[in-house]
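Work through the exercises below with the sequence and the model side by side. Try each task before reading its solution.

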Amino acid sequence: MIKTICYISDSTKPETLADLEALYLQAKANNHKYNITGILIYKNQNFLQVLEGEENAVNQTYIRISKDIRHKNIFEIINTNIEERIFQDYNFGFTIVDNKKGLQNLNDYLEWLKEAENRSANKVISIVENFITKK
Ligand SMILES: Cc1cc2nc3c(=O)[nH]c(=O)nc-3n(C[C@H](O)[C@H](O)[C@H](O)COP(=O)(O)O)c2cc1C
C-alpha cells in the first residue's frame, strides 16, 4: 500500500541557499534509499512538503522530519493512501523548489498533471498550487 503525507511548516530561521542545499542532499539520499518521492518547497520562510511511498517508509520519514528543529508549527494537511505517485517523474523523484524558475517549472508540471486527469492527485495538486501562487 502506498500513501502520501503533505504538511506545511515554518522555518525556524531564514534559510540560506547553502542550508537548503544541505537539506536537499540529506533528504534526497534518504528518500532514494527508502524509495520516497515528493517535493519540498521553500517560500516566505514556510515549507510545504509532499512525501509519497510505502506506508512504513513514509511514516518513519515523517516522524524523523517532525522532530527536526529546523522547522516548527508542522501542520499535516493530507495523510492518506493513494493509488499512484504524482512526483515520481518530477526531477528524479525528489526536488526542492526555492526560486522563481523552480516554481514556474512546478506550475507547468501541475498543469500537465491536470490535463492528464490524474483525479486522485487533484487534492495534492490544488494544495501545492495554492501554496506556490499565493503572495
Ligand atoms: C523541512 C524539512 C524537510 C525534510 N525532508 C526530509 C525528507 O524528505 N527525507 C529525509 O530523510 N529527511 C528530511 N529532512 C531531514 C530530517 O528531518 C532528518 O534530519 C534526516 O532525515 C536525518 O537523516 P540522517 O539520519 O541520515 O542524518 C527534512 C528536514 C526538514 C527541516
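The exercises that follow concern a predicted model, and each is solved step by step.

**Exercise 1. Overall build**

Task: State how many helices and strands the protein chain has, give their order, and decide whether its radius of gyration agrees with that of a compact globule.

Solution: Begin with the count. The protein chain has 4 helices and 5 strands. Read from the N terminus, these elements follow the order β-α-β-β-α-β-β-α-α.

Next, take the dimensions. The C-alpha trace extends over about 40 × 35 × 25 Å along its principal axes. For 135 residues, a compact globule would have a radius of gyration near 14 Å; the protein chain has 14 Å, so the two agree.

Then look at burial and contacts. Of the 135 residues, 27% are buried. Among contacts with a separation of 6 or more, 75% join residues 24 or more positions apart.

**Exercise 2. A helix pair**

Task: Describe how H3 and H4 are arranged relative to each other, and find which residues make the contact.

Solution: Two packed helices are described by the angle between their axes and the distance between those axes. Helix H3 covers residues 100-115 and helix H4 covers residues 122-133; their axes come within 11 Å and cross at roughly 150°. Angles over 145 degrees count as roughly antiparallel, and H3 and H4 are therefore roughly antiparallel to each other. The crossing of H3 and H4 is left-handed.

Now list the residues. H3 contributes Leu103, Leu106, Asn107, Leu110, Leu113 and Lys114, while H4 contributes Ile125, Val128, Glu129 and Ile132. Sorted by class, the contact of H3 with H4 holds 7 nonpolar, 1 polar and 2 charged residues.

One residue from this list can be followed further. Asn107 lies in helix H3. Asn107 has 15 other C-beta atoms within 10 Å, so it is partly exposed. Asn107 and Asn31 are 76 residues apart along the chain, and their C-alpha atoms are separated by 23 Å.

**Exercise 3. Positive phi**

Task: For Gln45 and Asn73, give the phi value, the location and the exposure.

Solution: Most residues other than glycine have a negative phi. Gln45 is not a glycine, yet its phi is positive, near 60°. Asn73, also not a glycine, has a positive phi of about 50°.

Locate each residue. Gln45 sits in the loop between strand E2 (37-43) and strand E3 (46-54). Asn73 is within strand E4, residues 71-82.

Finally, assign exposure. Gln45 has 13 C-beta neighbours inside 10 Å and therefore counts as partly exposed. Asn73 has 11 other C-beta atoms within 10 Å, so Asn73 is exposed.

**Exercise 4. A glycine in a strand**

Task: Decide whether Gly38 is buried or exposed, and identify its contacts beyond four places in sequence.

Solution: First place the residue: Gly38 is in strand E2. Count the surroundings next. There are 25 other C-beta atoms within 10 Å of Gly38, and the cut-off for a buried residue is 20 or more. Gly38 is therefore buried.

For the contacts, set aside neighbours within four places in sequence. Gly38 is then in contact with Gln49, Val50, Leu51, Glu52, Phe87 and Phe94.

As a last step, consider Lys100. Gly38 and Lys100 are 62 residues apart in sequence, and the distance from C-alpha to C-alpha is 19 Å.

Terms used:
Residues are numbered from 1 along each chain as its sequence is written. This is a predicted model: local features need pLDDT of at least 70, side-chain atom pairs count only at pLDDT 80 or more; totals for chains, interfaces and linings use all residues. Axes are lines fitted to C-alpha atoms, for helices over the stretch in contact, and angles run from 0 to 180 degrees between N-to-C directions. Helices (H or I, at least four residues) and strands (E, at least two) are DSSP runs, numbered from the N terminus. Angles under 35 degrees count as roughly parallel, over 145 as roughly antiparallel, 65 to 115 as roughly perpendicular and the rest as oblique. A crossing is left-handed if the near helix is turned anticlockwise from the far one by less than a right angle, and right-handed if clockwise. Two residues are in contact if their C-beta atoms, placed from the backbone, lie within 7 Å. Ala, Val, Leu, Ile, Met, Phe, Trp, Tyr, Cys and Pro count as nonpolar, Asp, Glu, Lys and Arg as charged, and the others, Gly among them, as polar. The radius of gyration is taken over C-alpha atoms; the globule rule is 2.2 Å times the number of residues to the power 0.38. A residue is buried if 20 or more other C-beta atoms lie within 10 Å of its own, exposed if 12 or fewer, and partly exposed in between; C-beta atoms are placed from the backbone.
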